[in-house]
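Hi,

Here is the structure I said I would pass on. Have a look at it first, and my notes follow underneath.

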Amino acid sequence: MKQTQLFTKTRKEAPKDEVSKNAQLLIRAGYVHKEMAGVYSFLPLGLRVLHKIENIVREEMNAIGGQELAMTALQDKALWEKTGRWSDDVIDVWFKTALKNGSELGLGVTHEEPITAIMKDHIKSFRDLPVAAYQFQNKFRNETRAKSGIMRGREFLMKDMYSFSRDEAEHQDFYAKATAAYLKIFERLGIGEITYVTFAGGGMFSKFSHEFQTLTDAGEDTIYVHEGKHMAVNKEVLLDEVLKDLDIKREDLVEKKAVEVGNIFSLGTRFSGALELNYADANGASIPVVMGCYGIGPTRLMGTLVEVFADEAGIVWPESVAPFAVHIVALFDKEGKVKTVADELYAELTGKGVEVLYDDRDLRAGEKFADSDLIGIPVRVVVSEKNIASGPATAFEIKSRKTGQIEKVSRDAVIKLFA
Ligand code: ATP
Ligand code: MG
């Protein structure tokens, strides 16, 4: 992608009403556009990052046998009444709307009800189990506070997976696999070390759940971390009996700010019971299906990565999700020598399938470097008259966005680095 062609422009200032660091940087660098508080559009650069996060999640869900589907955002009131979750007293973040004839609809906050209804058509006998299905979908939640940028949207992307098992043992088996898959995701995103499996309350679903909490001062949650066991408990369950069960001592826990990036629950027969999702066992007896649900927030994760890795100069993407692998920054000369060399390098790298952003704009070096730092692509290759003149072995300057380390290398070395 040539930067002269990219319609998004970087900007010096974020909107005045934007208080979160992640949204300020993402807006300034041209990744997202703020529609209103808690509502953001994803621009070409932002969508590239989001798709990469999504793909990492997708690969790990597929690896444990998840099957992808896409459910509707519009929700049938009658279905949610059957489980007692239509009322605003039960789910206080519903966005609701109505058909022309007056009948009410909801915009999906989560999808236990519709997936259970779908599975009623497909799960009949023990042979149809176990099953796990997942989707990526924009969820709608009328959040009271939306001051955390894309980490707390009123419309946001969620990956939600639902599992269906014959019994508790089979459920626990899948739950363990899902936990491991989640940990792999955070590892691949570069936040494995600072993301803790956190023992948490089960909300309206069950007594307990597991949250995945990433340490950051931008987080809205407080957790109590056990460094030795690399686990944590959240505020709700910081109780003597819970700590005893987990075999941890209160004095070994350290209070930290964190953001919940994922949350998984054992649902038991809470939904299969209410919606009569049963299967016939080997003897023909009708048994309610045992369910689990597994949520993760790709947009919240994207905001978290910005919060965790950014420095004073701007965003610093981990390689696994950066919008491009390399940023060619050309400092043009009058004779057009630099342009020829930079154009060729761009053509060769893109020809080899490398994702390149090429700053071919007619701007001063300082402005280009500042933009490059702000955008946060892992490696910058500077093509300049001076570097070219220094001879073929040192004709290109590469700089790591993360470490700031600079190296002068040959053209072949640049190609080898990426292709
Ligand atoms: P929170 O406590 O932060 O409001 P939640 O517990 O309501 O989150 P879940 O219902 O567990 O969220 O949703 C699953 C995942 O979806 C969360 O772990 C998070 O990654 C993401 N998520 C939830 N709410 C939002 C939001 N408003 N904006 C962005 N991502 C969200
Ligand atoms: Mg949660």
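Helix H10 runs over residues 365-375, and its buried residues are Lys368, Asp371, Ser372, Asp373, Leu374 and Ile375. Bear in mind that this is a predicted model. The cover over those buried residues includes two helices, H1 (21-28) and H2 (44-63), along with strands S17 (326-331), S18 (356-359) and S19 (379-384). Straight after H10 comes glycine 376, with a positive phi of about 85°.

Ile375 turns up again in the lining of the largest cavity, together with Gln3, Leu6, Thr8, Lys9, Thr10, Ala29, Leu45 and Arg361. That cavity has a volume of about 60 Å³, and the count of cavities of 30 Å³ or more comes to two.

On to the pockets. The second largest pocket holds about 350 Å³ of space. Its lining has 17 residues, and Glu319, Pro378, Ser400, Arg401 and Lys402 are the closest to its centre. Strands S20 (396-400) and S21 (406-409) are the elements that give two or more residues to this lining, and S20 gives the most, with three.

Next, a residue from the inside. Phenylalanine 164 sits in strand S8 (residues 155-165). Is phenylalanine 164 buried or exposed? It counts as buried because its relative accessibility is 0%, against a cut-off of under 20%. Leaving aside residues up to four places away in sequence, phenylalanine 164 touches Ile115, Met119, Ile123, Leu129, Pro130, Val131, Leu277, Val289, Val290 and Met291. Cysteine 293 is 129 residues from phenylalanine 164 along the chain, yet their C-alpha atoms are separated by 9.2 Å.

Two of the residues that phenylalanine 164 touches, Leu129 and Pro130, deserve a second look for their backbone. The peptide bond from leucine 129 to proline 130 is cis, with omega near 0°. Proline 130 is in the loop between helix H4 (112-120) and strand S7 (131-140). For context, most peptide bonds are trans, and most residues other than glycine have a negative phi.

Two non-glycine residues with a positive phi are also worth noting:

- Aspartate 247 has a phi of about 60°. Its loop runs between helix H6 (240-246) and strand S13 (254-268), and the residue is exposed because its relative accessible area is 61%, where exposed means over 50%.
- Glutamate 276 has a phi of about 55°. This one is in the loop between helix H7 (270-274) and strand S14 (278-280), and it counts as exposed at 55% relative accessibility.

Another exposed residue is aspartate 92, with a relative accessible area of 63%. Aspartate 92 is in the loop between helix H3 (77-82) and strand S5 (95-98). From aspartate 92 to arginine 58 is 34 residues in sequence and 30 Å in space, C-alpha to C-alpha.

Finally, the overall numbers. The chain has 12 helices and 21 strands, and its C-alpha trace spans about 80 × 60 × 45 Å along the principal axes. Of its 419 residues, 53% are buried. Among contacts with a separation of 6 or more, 67% are between residues 24 or more positions apart. The accessible surface is about 19,300 Å², with 51% of it belonging to carbon and sulfur atoms. As for charge, there are 55 positive and 63 negative side chains, and the centres of the two sets lie 4 Å apart.

Cheers

Conventions
Residues numbered from 1 in each chain as written. Chains lettered and ligands numbered in written order. Predicted model: local features only at pLDDT ≥ 70, side-chain atom pairs only at ≥ 80, totals over all residues. Heavy atoms only, no water. Helix = DSSP H or I, 4+ residues; strand = E, 2+ residues; numbered from the N terminus. Buried < 20%, exposed > 50% of the residue type's maximum accessible area, 1.4 Å probe, protein only. Contact = heavy atoms within 4.5 Å. Areas by Shrake-Rupley, 256 points an atom, 1.4 Å probe, with all protein chains shown as cover. Lys, Arg positive; Asp, Glu negative; His and termini not counted. Charge placed at Lys NZ, Arg CZ, Asp CG, Glu CD. 1 Å grid on protein atoms, 1.4 Å probe; cavity = no way out; pocket = protein on both sides within 12 Å on 5 of 7 lines; lining within 4 Å. Points joined across faces, edges and corners; volume = space filled by probe spheres on them.
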